[in-house]
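Work through the exercises below with the model open. Each task is followed by a stepwise solution.

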Amino acid sequence: MKITRIEAIPFAIPYRKPLRFASGQVTVADHVLVRVHTDDGVVGTAEAPPRPFTYGETQESIVAVVEKLFAPELVGLTLLERETAHARMERTVGNPTAKAAVDMAVWDALGRTLDLPVTALLGGFTDRMRVCHMVGFAPDAEMVAEAERVRDRYGISTFKVKVGRRPVQLDVGACRALREALGPDVELYVDGNRGWTASEAARAMDAMADLGLTLAEELSPADDVLGRRWLTARTTVPTVADESVPTPGDVTRELLGGSATMISIKTARTGFSTSQRILHQCEGLGVEVVLGNQIDGQVGTACAVAFGAAHRSSSRRAGELSNFLDMSDDLLTEPLEISGGELVVRPGPGIGFDVDPGKLAHYRTDR
Ligand code: MUC
Ligand code: MG
């Protein structure tokens, strides 16, 4: 059960269709595969997606922090010393997706060592989640066509629409077109990725008041402290904190400061261990959560559904689990499949996936 080696392998898989949103765009999944090896010959795996526009990490910085700082601190610990591993990684400020991938790879190794699914070790509440699909910026007709295609092909009936453009009418028009095309029974919510000021966000939400939006995520920056409190107090739509809450302390600040009423949990950002802390923190406070997506590939999505399905409160809403559909290829031996609007947790030990060595050899960029 002893950790003997931690690898950080950069790889790059192009997207068939880029995802565009207010803080940036993603055209290539230039992620880092993290592998934790043990003295029993077990290998635990997870992935870290660099999001420089969200957390300041790059593919190179993730490789460096995992190999140069975290690996020397963690090698020699057993898989059961996760709290010590966490404390040691926390000595380094920031780097959320690098820490999260190491944490999840350790959990994967533990599950494989015990021959038990990680989702069962985490809570084992259910074996599946309803899926929400994210619709990025495009002309209205393209956004509508994408949502209709995803609904018809995968049975998905919850959509998160990217907003935060200027003028706000661009997004108001897109959301209206989606509601008109998809009808009243589809769930629609919006995510601004900090693109608007609080007053722009208020104007947009007023203009969309008749669209039945269920959530409004990160419409304006958390650093605009009073503006965000004012916005949250005046809107009737619950406001979700996403990239503003990479730590439990940030969750406390956003909720108790009145700047958000719900929390997005992303395993790509807080792994399994800190995601569970945040989930329990929210449960204790009586705050709902959304299972978010950091534009994960299939490795990251398998991690997200394993966590989301493990708990009652994270599996209640549809989880954002479909970004991998737009990638041109992926690393798993058996691809994830969404059907009937749901993603089922893979059975089997660990997180429940295996990486295809041929695909990794093809897409890794360090050789
Ligand atoms: C999301 O929910 O914001 C876009 C940027 C990012 O950091 O995550 C994605 C999705
Ligand atoms: Mg978001």
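**Exercise 1.** Find the distance between a polar side-chain atom of Glu 217 and an oxygen atom of ligand 1, and decide whether the pair is a polar contact.

*Solution.* This is a predicted model, so every distance here is computed from it. Step one: take the pair. The Glu 217 atom lies 3.3 Å from the ligand oxygen. Step two: apply the cut-off. A polar contact needs N or O atoms within 3.5 Å. The Glu 217 pair, at 3.3 Å, is therefore a polar contact.

**Exercise 2.** Give the matching distances to oxygen atoms of ligand 1 for Asn 193 and Gln 294.

*Solution.* For Asn 193, a polar side-chain atom is 2.8 Å from a ligand oxygen. For Gln 294, an N or O atom of the side chain is 2.5 Å from a ligand oxygen. Now check the cover: on its own, ligand 1 has 270 Å² of accessible area, and the protein covers 100% of it.

**Exercise 3.** Describe the surroundings of ligand 1: where does it sit, and which classes of residue form its shell?

*Solution.* Start with the site. Ligand 1 occupies the largest cavity. Next, count the neighbours. There are 13 residues around the ligand, and those that come nearest are Thr 54, Lys 160, Asp 191, Asn 193 and Gln 294. Then sort the shell by class: 6 residues are charged, 4 polar and 3 nonpolar.

**Exercise 4.** Assign the salt bridge between Arg 5 and Glu 7, and state whether each partner is buried, partly exposed or exposed.

*Solution.* First, the distance. The two side chains meet at 3.8 Å, N to O. The cut-off is 4 Å, so the pair of Arg 5 and Glu 7 qualifies as a salt bridge. Second, the exposure. Arg 5 has a relative accessible area of 43%, so it is partly exposed. Glu 7 has 13%; buried means under 20%, so Glu 7 is buried.

How values were computed. Residues are numbered from 1 along each chain as its sequence is written. Chains are lettered from A and ligands numbered from 1 in the order in which they are written. This is a predicted model: local features need pLDDT of at least 70, side-chain atom pairs count only at pLDDT 80 or more; totals for chains, interfaces and linings use all residues. Side-chain values use heavy atoms; hydrogens and water are left out. A residue is near a molecule or strand if one of its heavy atoms lies within 4 Å of it. A polar contact is a pair of N or O atoms within 3.5 Å; within protein, one must be able to donate a hydrogen and the other to accept it, and residues adjacent in sequence count only if both atoms are side-chain atoms. Accessible areas come from the Shrake-Rupley method with a 1.4 Å probe; for residues, only the protein chains shown count as cover. On a 1 Å grid over the protein atoms alone, a cavity is a set of points where a 1.4 Å probe fits but cannot get out, and a pocket is an open set with protein on both sides within 12 Å along at least five of seven lines; lining residues have an atom within 4 Å of a point. A molecule sits in a cavity or pocket if more than half of its atoms lie within 2 Å of its grid points. Ala, Val, Leu, Ile, Met, Phe, Trp, Tyr, Cys and Pro count as nonpolar, Asp, Glu, Lys and Arg as charged, and the others, Gly among them, as polar. Buried means under 20% relative accessible area, exposed over 50%, partly exposed in between (1.4 Å probe, protein chains only).
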